[in-house]
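Thank you for making time for this. I would like to take you through one model, beginning at the ligand and working outwards, and I will ask a few questions on the way.

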Amino acid sequence: MSTKTLVVVLAAGALVAACGGQIGQNNSSGGGQSSAAAPANKNLELVVGVKNEPFYISMQCGAEAAAKEAGYTITTQAPDKFDPTLQAPIVTALGAKKPAALLIAPTDDKTMAPQMKQIKDMGVKVIEVDTALQDTSVAASSISSDNTQGGQLAAQTMAKLTSGKSGSVLVLDTKAGTSTTAARAKGFEEELKKSAPNLKSIGVQFTENEPSVAAQKVTAAISSTPDLIGVFATNLNTGEGAATGLRSAGKVGQVQLVGFDASPSEVEGLRAGAFQALIAQDPATIGKAGVQQAIAAIEGKSVQRNISAPLVALTKDDMDQKAEFFYKTKC
Ligand code: T6T
């Protein structure tokens, strides 16, 4: 079947205020337009999920461009691993610097709350970019992809790719407590039941965000599940690992791989047939909107509590027309 039919763009209406409002509709907190003097403190801090990762580098690029345009400074920091025990000390140390706002992708939806609350109580505006806490009382605004919808889109894509065949599907999540990938896995499993009842999920397995663990989970599933027909990898690292697992088992193209994100390695994997589809996010737009909401909060203007950024499905046939969604490795 030609993959052209797979093209589903969730970009229409680009940045949609998740609370049902469109851009410009005032469904937000804050006293509206403030004619207050320019704030003395124009220093922003961005703490992403992990170092040297194309999704967060692309987000940083968008944030830096927006900050520069608005005359603000922004400093970016990242833990070596997607791990709250490594991220928490970075946030605690920011207390001394007292930025005007902290933009952060919390690496755990519960254990990062104390540090984020502490810096909020010091008067620093907190903006969640990508991941979020369960506790919605900390952040002034949260910007991310609609990850549940992203999981549903992946299930619809898997249904088309397997074109009515019956079989089992493996879902690879990263680390428990990662709000984004958990929503993708849940959205995928619920939608699979609806749009592909002939496909059975053999459950969600965690990879600790390590490609090598994802590869092991795939090779193990291939030997334990003879009717394995597809794999859904909920993020960049799980996708790259799953592709390695399929390659080493000689199952590329036989087991359909739907990945999330669009790192250079995933994009090449799609072109080479290791992936049959990728659900790409728009990290630069998340970074840009994060800075805009931070500045609105600092300047006492209206702030949108929840914002969803675009998602798009990439296939081998249409990927080059959507190259703007390919992630960067430097700004
Ligand atoms: O998928 C992105 C991000 O949205 C997620 O929260 C964590 O993993 C990535 O950074 C990709 O590795």
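Let me start with a term: by a polar contact I mean a pair of N or O atoms within 3.5 Å. What we have on the screen is a predicted model, and everything I say should be heard with that in mind. With that cut-off, a polar side-chain atom of Glu 53 makes such a contact, as it lies 2.5 Å from an oxygen atom of the ligand. Thr 180 also places a polar side-chain atom by a ligand oxygen, in this case at 2.6 Å, and for Arg 184 the corresponding distance to an oxygen atom of the ligand is 2.8 Å.

Which residues are found around the ligand? Besides Glu 53, Thr 180 and Arg 184, the surroundings comprise Phe 55, Tyr 56, Asp 130, Thr 131, Asn 235, Leu 236, Asn 237, Asp 261 and Gln 281.

Now to the empty space, computed on the protein atoms alone. Rolling a probe the size of a water molecule over the atoms shows where empty space is left. When the whole structure is searched in this way, one cavity of 30 Å³ or more is found, and the space in that largest cavity comes to about 150 Å³. Its lining is made up of 17 residues, and those closest to the centre are Glu 53, Tyr 56, Asp 130, Arg 184 and Asn 235, each of which is also listed among the residues around the ligand. Three elements, namely helix 1 (54-70), helix 5 (179-195) and helix 7 (236-249), give two or more residues to this lining, and the largest share, three residues, comes from helix 5. Sorted by class, the lining of the cavity has eight polar, five charged and four nonpolar residues.

The largest pocket is the next item. How is it lined, and which residues lie nearest its centre? There are 21 lining residues, and Ala 132, Ser 144, Ser 145, Asn 147 and Asn 306 are the ones nearest the centre, in a pocket with a volume of about 340 Å³. Strand 7 (141-145), helix 4, helix 5 and strand 14 (306-309) each supply at least two residues of the lining, with strand 7 giving the most, four residues. Here the lining has 11 polar, six nonpolar and four charged residues.

Let me turn to the charged pairs. Side chains of opposite charge can pair when their charged atoms come close. How many salt bridges does the structure hold? The count is 10, and I will pick out a few of them. In one, the side chains of Glu 210 and Lys 81 meet at 2.7 Å, N to O. Glu 210 sits in the loop between strand 9 (199-206) and helix 6 (211-224), whereas Lys 81 sits in the loop between strand 4 (73-77) and helix 2 (84-97), so this pair ties together parts that are 129 residues apart in sequence. Glu 210 is partly exposed, at 27% relative accessible area, and Lys 81 is likewise partly exposed, at 44%.

A second bridge joins Lys 194 and Glu 191 at 3.6 Å, N to O; these two are three residues apart in helix 5, and are therefore separated by about one helical turn. Is each partner buried or exposed? Lys 194 counts as exposed at 63% relative accessibility, while Glu 191 is buried at 11%. I would also mention that Glu 268, Arg 271 and Asp 320 are linked in a network of salt bridges.

Finally, some points on the backbone. Most residues other than glycine have a negative phi. Ser 163, although it is not a glycine, has a positive phi of about 30°; its place is in the loop between helix 4 (147-161) and strand 8 (167-173), where Ser 163 is partly exposed at 47%. Asn 209 also has a positive phi, of about 60°, and lies in the loop between strand 9 and helix 6, but Asn 209 counts as buried, at 10% relative accessibility.

My last residue is Val 231, which belongs to strand 10 (residues 228-233) and is buried, with a relative accessible area of 0%. Val 231 and Leu 170 are 61 residues apart in sequence, yet their C-alpha atoms are 4.7 Å apart in space.

Conventions:
Residues numbered from 1 in each chain as written. Predicted model: local features only at pLDDT ≥ 70, side-chain atom pairs only at ≥ 80, totals over all residues. Heavy atoms only, no water. 1 Å grid on protein atoms, 1.4 Å probe; cavity = no way out; pocket = protein on both sides within 12 Å on 5 of 7 lines; lining within 4 Å. Points joined across faces, edges and corners; volume = space filled by probe spheres on them. Nonpolar A, V, L, I, M, F, W, Y, C, P; charged D, E, K, R; others polar. Salt bridge = Lys/Arg side-chain N within 4 Å of Asp/Glu carboxyl O. Buried < 20%, exposed > 50% of the residue type's maximum accessible area, 1.4 Å probe, protein only. Near = heavy atom within 4 Å. Polar contact = N/O pair within 3.5 Å; in protein donor to acceptor, adjacent residues only side chain to side chain.
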